[in-house]
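Reader: I would like a close look at a single part of this model, the surroundings of the ligand. Please keep it brisk.

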Amino acid sequence: MALQNKILLLNYKGYLREVFNRSFASNSRALYKSARNESLRITEIEDGREPERSVDGTRIRSLKEMPGPSAISNLIEFFCRDGFSRIHEIQIEHSKKYGKIFKSRFGPQLVVSIAGRDLVAEVLRAEGVAPQRGNMESWQEYRDLRGRSTGLISAEGEDWLKMRSVLRQLIMRPKDVAQFSDDVNGVIVDLIKRVDTLRSQQPDGQTVLNINDLFFKYAMEGMAAILYEDRLGCLENKIPQKSQDYIAALHLMFSSFKMTMYAGAIPKWLRPIIPRPWKEFCSSWDGLFSFSQVHVDKRLAEIKDQVARGEAVKGGLLTHMLVTQEMNLEEIYANMTEMLLAGVDTTSFTLSWATYLLARNPDVQEQIYEEITTTLGHGTIPTADDVPRLPLIRGLVKETLRLFPVLPGNGRVTQDDLVVAGYFIPKGTQLALCHYSTSMDEENFPGAKDFCPERWIRKDATDRVDNFGSIPFGYGIRSCIGRRLAELEMHLALTQLIQRYRIGVCPFTDEVKAKTHGLLCPAAPINLHFIERRA
Ligand code: HEM
């Protein structure tokens, strides 16, 4: 574990706070474009119906007038036609039928879906200082039950602001995560060894079966190296028992994802009758928390020993958090747990899709290989500093996430009254941002079904290829805190895999469709050929 380069900066707490205050002051100026806008004349109708409103004489429509599927057709779609696995496709179907903004009802919950790029931009650009993604009651309830803290995903308001301000200074800027290059490259050495072992176990000496299993272990090992400053041995032939237990807890968490989401939706009085979802929800969280706690406590004990021996304390992210105590121990446990949870499947599915797309598009793969060899020569191990010189590797990750956004949709609860596309949306409404459908919209991405990493390459400094049609990490103040870490893990791993192997389709794998299972994941195992380029 290469920790020596990561010198702790203990004396910049004041600076961090100042930067934080300044940045939040400017963000708070971008408050929701609310219905209280001066140009907006609101005439409340006093008989209790929804108010009728107008902007500059144009009538603002109420939610009642918004189109959308009926509650009954939603029920059939989701419960009889397995709509939960097709949420991404349903976004497209509904936006074609009802337009770029439509409403749906799930039992008592009304959801307004935003399926237009510019409307998504409008909503996100106008966010307040502490946006809320959705109802996290069940997560909060578990934490209250066990006396645990919330982490960044589950926290809201002041608690969230405080934790976000600590973490954003540590892992959000490319230069901050560049220091993890050596750790990630250490894990990639094991990834390549594992690819070779798996290939050698197959009769053709080339096939790796179920590539996602491999990338799951890579992502877990990478996250542990970064978050815990420790290795788990997930890419070894024999995985240590403790890591196996954790993988099982993580799988339980992911496989019961739907259940965990609905555990909160199932009314409490129903729990004695249907106890399983809530029990599973709690026991998988127990497993995840206790695993994180073991690693955090281990590092804490090492630090105490170092201090007792009068040695300088050096280390990475966890060491920094433990030494500076900007978060208390419970908050550190919670954030380590939630970041590991958020950082494994997301990265591993994206790597699976990226290699799958490379295998099916050999010309694109060769073009990227050319870029790598021209830029780095043969066999050079890339670091974070090399990535800006590999625009096609960056384009590969962006294009993969456009075609297969791990989170096909995202949520926001409006914190003020809003007018979007001429509709009045009251404060407290759940919005669903339909990222999959905007990613696949021809207006936003011509040839939207094609795999074209090149579309992300800037022609000149003024060319802006980023667009709200594809924002796989979200946008703004509540966007993915692990984005730079995930990108580092993916850019470095893909560069080294392409450097070393020609990745090809395998006769056992036909076209693999995506399904929504909490995240957008492959509906069938992806098997690929890894043909050594030297051969
Ligand atoms: C391909 C990889 C990943 C993708 C596509 C992804 C995507 C996302 C998205 C869409 C959000 C919601 C953003 C929003 O609401 O605007 C999110 C939040 C989050 N992600 Fe990631 N993520 C990835 C990897 C990671 C990794 C590696 C970590 C670990 C550090 C991580 C930690 C988090 C956390 C803690 C949040 C909650 C942030 C907050 O509420 O303040 N993610 N991610």
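Author: What follows goes from the whole chain to the ligand shell, and then to one cysteine. The model is predicted.

Start with the chain. The protein chain has 535 residues, and 39% of them count as buried. Its secondary structure comes to 18 helices and 14 strands. Take the contacts with a separation of 6 or more. Residues 24 or more positions apart account for 73% of these.

Now the ligand. There are 26 residues around it. Ala342, Gly343, Gly474, Cys480 and Gly482 come nearest. Two helices, H14 (329-360) and H18 (483-500), each supply at least two residues of this shell. H14 gives the most, with seven residues. By residue type, the shell divides into 14 nonpolar, eight polar and four charged.

Cys480 deserves its own look. Where does cysteine 480 sit in the chain? It is found in the loop between helix H17 (435-439) and H18. Is cysteine 480 buried or exposed? Cysteine 480 has 21 other C-beta atoms within 10 Å. The cut-off for a buried residue is 20 or more, so cysteine 480 is buried. Set aside its neighbours within four places in sequence. Cysteine 480 is then in contact with Phe473 and Gly474. Gly474 is also among the residues that come nearest to the ligand.

The record adds one point. In an unreviewed UniProt entry, the annotation "binding site" covers Cys480. In the model, Cys480 is one of the residues that come nearest to the ligand.

Technical notes. Residues numbered from 1 in each chain as written. Predicted model: local features only at pLDDT ≥ 70, side-chain atom pairs only at ≥ 80, totals over all residues. Near = placed C-beta within 6 Å. Helix = DSSP H or I, 4+ residues; strand = E, 2+ residues; numbered from the N terminus. Nonpolar A, V, L, I, M, F, W, Y, C, P; charged D, E, K, R; others polar. Buried ≥ 20, exposed ≤ 12 C-beta atoms within 10 Å, placed from the backbone. Contact = placed C-beta atoms within 7 Å. UniProt positions renumbered as here; feature names shortened; annotations may be inferred.
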